[in-house]
Structures are given as structure tokens and as C-alpha cells.
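Let's take a walk through this model, looking at the empty spaces and at what fills them. Keep the 3D view open as you read.

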Amino acid sequence: MVAEQIEARGVRDKHVLDAMRSVPRHVFVPEAGPQAAYADHPLPIGYGQTISQPYMVAYMCEIAQLEKKSRVLEVGTGSGYGAAIIAQLAQHVYTIDIAPALANLAEQTLQSLGYNNISVKSGDGCEGWRDEAPFDAIIVTAAAPKIPSALVEQLKDGGRLVIPVGHQFFTQRLVLVEKDGERIKQRDMMLVRFVPLRSG
Ligand code: SAH
């Protein structure tokens, strides 16, 4: 998976590649079976949601430039796989999902694997996680029609937000937002396809 799908497409960050090698993806998608779990595409995880393609998880972590001391917010816990990858790279992950059933299941899976640097809660991630802000990085794994202002507010100075922007059934842009004092820099990184970020 790592050599053919991720390194071959240009992800070079050694820590990201190591994390992608060490987290057992099949544990997060038990229904898929051990082979399909590592295939080059997203997979259903129930409730109409999907676990992202392995390459996309790696790429988003690489451009977020996570460091061992980073405190990271993930919006869209889903299976918990992305949170596990981030947890290998950062100090602590705060992950939030609007679907309580997914948040609970992900929390159990992550506990069973022994992670102690991931906090999971259910709620609307468009509001961020005020009690734990600000964050060095925020990674959103569902597409927003526009960038939620609370997320930009909850970034540290120098922090990075990675978020798919666009509408369901249309092409979306993966946007990298960098906060530099009062300046907010935005860059389109690639075209992507994510499930929609729900609000409320
Ligand atoms: N990172 C996940 C993939 C998540 S799919 C993984 O590794 O498996 C997108 C997730 O975003 C879904 O679980 C969906 O329930 C969640 N979601 C959608 N809108 C949301 C919102 N407003 N706040 C938090 N989570 C949301």
C-alpha cells in the first residue's frame, strides 16, 4: 500500500510513511476483509460514510506538516483511522464526529489499539473544539461548501488547516489554509471527492 499508492504519488515525509505502515487499517474496516482494507480507494464504514483512500490520508497529513509536539483537531472521526495516523505523528489528537454512533465505535477501536493521545467526542465540528483550541493543525475529512470561520479562528498563529471545499456531487478543492498573524493564506492543492460536512 505504502510503496505503490503513496510513495509512488509523491508523499515523501518519512514520519507519514512510517505511520501509514504501522497502523492496521483492516481493524477500522472489519467488514471489508484484510485485502480490501488496503486497496487504493475509499471504503464504506456504515451510516452513508466512508474511510478515505489511504493516499488521501497520507497526503493531508503531509501538507498539514504535523510535528511531535502538535496538537491537532480532526473534524470527521468516521472509523477513527485518520485519528490513529495523526496520533502517530502528533502529541495529541482531538477528533469530533457529528454521528454519535461513529464517534463511539471509533473510540472503542482506538482504545482497543491502546492509543492514549486521542480524545473523541460527538458534535458539530464546524464549531471546532473551543475548550481545547488553539490547534497547530486542523484536518477536515468531509467537504464544506465554505470554510467554517470557527476553524480558522481556532488555528494557532503559524497553524495549518486542510479542508476539502465544494459541494456534494461536484468536484471539490482540497484547500490548505495557513494563518500568519492577521494574514490568512489559502492554496488549492488538488481536486478531491469527499462526503459532505453536515451542519447543525
Ligand atoms: N477520517 C475518517 C473519514 C471520515 S468520513 C476515517 O478515517 O475513517 C467523514 C466523517 O465526517 C463522517 O464520519 C461524518 O459523520 C463526519 N461529519 C460530517 N459532518 C460533520 C460535522 N459537521 N462535524 C463533525 N463530523 C462530521
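## A walk through the spaces

Start at Y47, which you'll find in the loop between β1 and β2. Its backbone is a bit unusual: Y47 isn't a glycine, yet its phi is positive, at about 55 degrees. Bear in mind as you look around that this is a predicted model.

While we're on backbone oddities, hop over to the loop between β5 (118-122) and β6 (135-140), where P134 lies. The peptide bond leading from A133 into P134 is cis, with omega near 5 degrees.

Now for the enclosed space. How many cavities of 30 Å³ or more does the structure hold? Just one, and the largest cavity offers about 420 Å³ of space. It has 32 lining residues, and those closest to its centre are G76, T77, G78, D97 and T141. Several elements each put at least two residues into that lining: β2 (49-51), α4 (54-64), β3 (71-75), α5 (81-89) and β4 (92-97). Sorted by class, the lining of the largest cavity comes out as 16 nonpolar, twelve polar and four charged residues.

So what about the ligand? Where does the ligand sit? You'll find it in the largest cavity. The shell around the ligand draws two or more residues from each of β2, β3, α5 and β4, with β2 giving the largest share, at three residues. There are 25 residues around the ligand, and the ones that come nearest are S79, D97, D124, G125 and R198. D97 is worth a second look, as it also turned up among the residues closest to the centre of the largest cavity. By class, the shell holds eleven nonpolar, ten polar and four charged residues.

Zoom in on some individual contacts. From the side-chain end, E74 places a polar atom 3.2 Å from a nitrogen atom of the ligand. The backbone joins in too: an N or O atom of the G82 backbone lies 3.0 Å from an oxygen atom of the ligand, and a backbone N or O atom of I98 lies 3.1 Å from a ligand nitrogen atom. How much of the ligand does the protein bury? Taken alone, the ligand exposes 590 Å², and the protein buries 99% of that.

Next, turn to the open spaces. The largest pocket contains about 300 Å³ of space. It is lined by 16 residues, of which F28, V29, P30, E31 and I45 are closest to its centre. Two elements, β1 (43-46) and α6 (100-112), each supply at least two residues of this lining. The class count for the largest pocket is eleven nonpolar, four polar and one charged residues.

The second largest pocket has a volume of about 250 Å³. Here 14 residues make up the lining, and P42, T50, R193, F194 and V195 are the closest to the centre. Its lining divides into seven nonpolar, six polar and one charged residues.

To finish, go back to the ligand in the largest cavity and pick out E74, with its side-chain atom 3.2 Å from a ligand nitrogen. Then find G82 and I98, whose backbone atoms approach the ligand at 3.0 Å and 3.1 Å, respectively. With those in view, you can trace the shell outwards through β2, β3, α5 and β4.

Technical notes. Residues are numbered from 1 along each chain as its sequence is written. This is a predicted model: local features need pLDDT of at least 70, side-chain atom pairs count only at pLDDT 80 or more; totals for chains, interfaces and linings use all residues. Side-chain values use heavy atoms; hydrogens and water are left out. On a 1 Å grid over the protein atoms alone, a cavity is a set of points where a 1.4 Å probe fits but cannot get out, and a pocket is an open set with protein on both sides within 12 Å along at least five of seven lines; lining residues have an atom within 4 Å of a point. Grid points are joined across faces, edges and corners, and a volume is the space filled by probe spheres set on the points. Helices (H or I, at least four residues) and strands (E, at least two) are DSSP runs, numbered from the N terminus. Ala, Val, Leu, Ile, Met, Phe, Trp, Tyr, Cys and Pro count as nonpolar, Asp, Glu, Lys and Arg as charged, and the others, Gly among them, as polar. A residue is near a molecule or strand if one of its heavy atoms lies within 4 Å of it. A polar contact is a pair of N or O atoms within 3.5 Å; within protein, one must be able to donate a hydrogen and the other to accept it, and residues adjacent in sequence count only if both atoms are side-chain atoms. Accessible areas come from the Shrake-Rupley method with a 1.4 Å probe; for residues, only the protein chains shown count as cover. A molecule sits in a cavity or pocket if more than half of its atoms lie within 2 Å of its grid points.
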